[in-house]
Amino acid sequence: MVKTKERDIELLKDNVVKKIFSGETETSRELIATLIDETTNHRYKKEDILKSMVMLPTNIAYNTNIIEGDADTLLKTNDLYVSIEYNTGYYRELDVKNGSYICNLVLRQLKSKKDYKTIKPIIQINLDYYDLYKRNRFLYDSVLKERRLNIEKPNNFIEIFDINLASLRKLGYNEVDKGKYGYLKKLVYFLTNSNKEDLDKLYKEDKLMAKVLDDIIDVTSDLDRILFYKKEDLERQRDEREREEARAEGHAEGHAEGLAEGLAEGLAEGLAE
């Protein structure tokens, strides 16, 4: 098979993805359950997830003392709590933001001391438009470990999966479901490709994904503009974040230098006296 030339990946906009994974429709709930099932290598079964799935509020700011935060998708089942996040670019604060959603799912379960013994596992599934660990893998699975021994912490209840959407730019629609993680790749491919003809061919025999396309794709001349980020949109967002971080670093360095100079001058004056 001839490998597809690497293409500029196109990503569905955040608000569209949030709607798709909102759990508001049967299709959305089935998509979420299937994503969890496939990502965890069937540790949590789609059928069991659907039986007890409850969508949770995504605004994590309960009171004025908590910073405003809006997760993409939060849910619970009889067996676990889940956070799903769609990340179009990596920046310094992202890990803290996504970590805050995990903390929220911890705190939701702790109402009394006895809850420490019955806390349910928490997983976060990050749909990333970048290779987080730069190892050319499609799926990363992170847990707390002892660094030198590489042994997982006992009774660990938090697990983070990072799906490398950017890796799909190397795959054509007829290559997606081949090899390791084949169906998981197929499941998320629609997030990265705006070509309706490709998607129709890929999903023509997949009832779930055909319904997902019916829910999100309205064939109009404005489809790309409405639903998808263009490459230049993503580059502009990245450049704006980098400029903001550079300004913050410059301000911090200037403040530190000014403080050091002030202390040095004050010390010199004191000694002179």
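Student: What makes strand β2 (residues 54-55) and strand β3 (residues 73-76) count as a pair?

Tutor: Two strands pair if DSSP finds at least two bridges between them, and β2 and β3 are linked in the antiparallel sense over 2 bridges, so the requirement is met. In one of these bridges Val 54 has Lys 76 of β3 as its partner. This is a predicted model, in which local features need pLDDT of at least 70, side-chain atom pairs count only at pLDDT 80 or more, and totals for chains, interfaces and linings use all residues. Residues are numbered from 1 along each chain as its sequence is written, while side-chain values use heavy atoms and leave out hydrogens and water.

Student: How do you know that β3 and strand β4 (residues 81-87) pair, and what joins them along the chain?

Tutor: The two strands run antiparallel and share 4 bridges, which satisfies the rule of at least two. Thr 73 stands opposite Ile 84 in β4, and a hairpin of 4 residues leads from β3 to β4. The elements themselves are DSSP runs numbered from the N terminus, where a helix is H or I over at least four residues and a strand is E over at least two.

Student: Why is the pairing in the open sheet of 6 strands called mixed?

Tutor: Strands of a sheet pair through backbone hydrogen bonds, either parallel or antiparallel. Here the order is β2-β3-β4-β5-β9-β6, and β5 and β9 pair in the parallel sense over 7 bridges, whereas β6 (residues 139-142) runs antiparallel to β9 over 4 bridges. In β9, Ile 163 is the bridge partner of Leu 127 and also of Leu 139.

Student: What makes β2 and β6 edge strands?

Tutor: Each of them pairs on one side only.

Student: How do you know that the span of α4 agrees with its number of residues?

Tutor: The expected span of a helix is 1.5 Å times one less than its number of residues, so the 16 residues of α4 should cover 22 Å, and the 24 Å between its end C-alpha atoms agrees with this.

Student: Why is β9 called mostly covered?

Tutor: A residue is buried under 20% relative accessible area, exposed over 50% and partly exposed in between (1.4 Å probe, protein chains only), and 5 of the 7 residues of β9 are buried. In α4 the buried residues include Leu 94, Tyr 101 and Ile 102, and among the elements that cover them are β3, β4, β5 and β9.

Student: What makes one space a pocket and another a cavity?

Tutor: On a 1 Å grid over the protein atoms alone, a cavity is a set of points where a 1.4 Å probe fits but cannot get out, whereas a pocket is an open set with protein on both sides within 12 Å along at least five of seven lines, and lining residues have an atom within 4 Å of a point. The largest pocket is lined by 21 residues, with Ile 102, Gln 124, Ser 142, Ile 158 and Ile 160 nearest its centre. Two or more lining residues come from each of α4 (94-109), β5 (122-128) and β9 (158-164), and α4 gives the largest share, 5 residues.

Student: Which residues line the largest cavity, and which element gives the most?

Tutor: Its lining consists of Val 17, Lys 18, Phe 21, Asp 72, Thr 73, Ile 84, Glu 85, Tyr 86 and Leu 127, and β4 gives the most, with 3 residues.

Conventions
Contact means heavy atoms within 4.5 Å.
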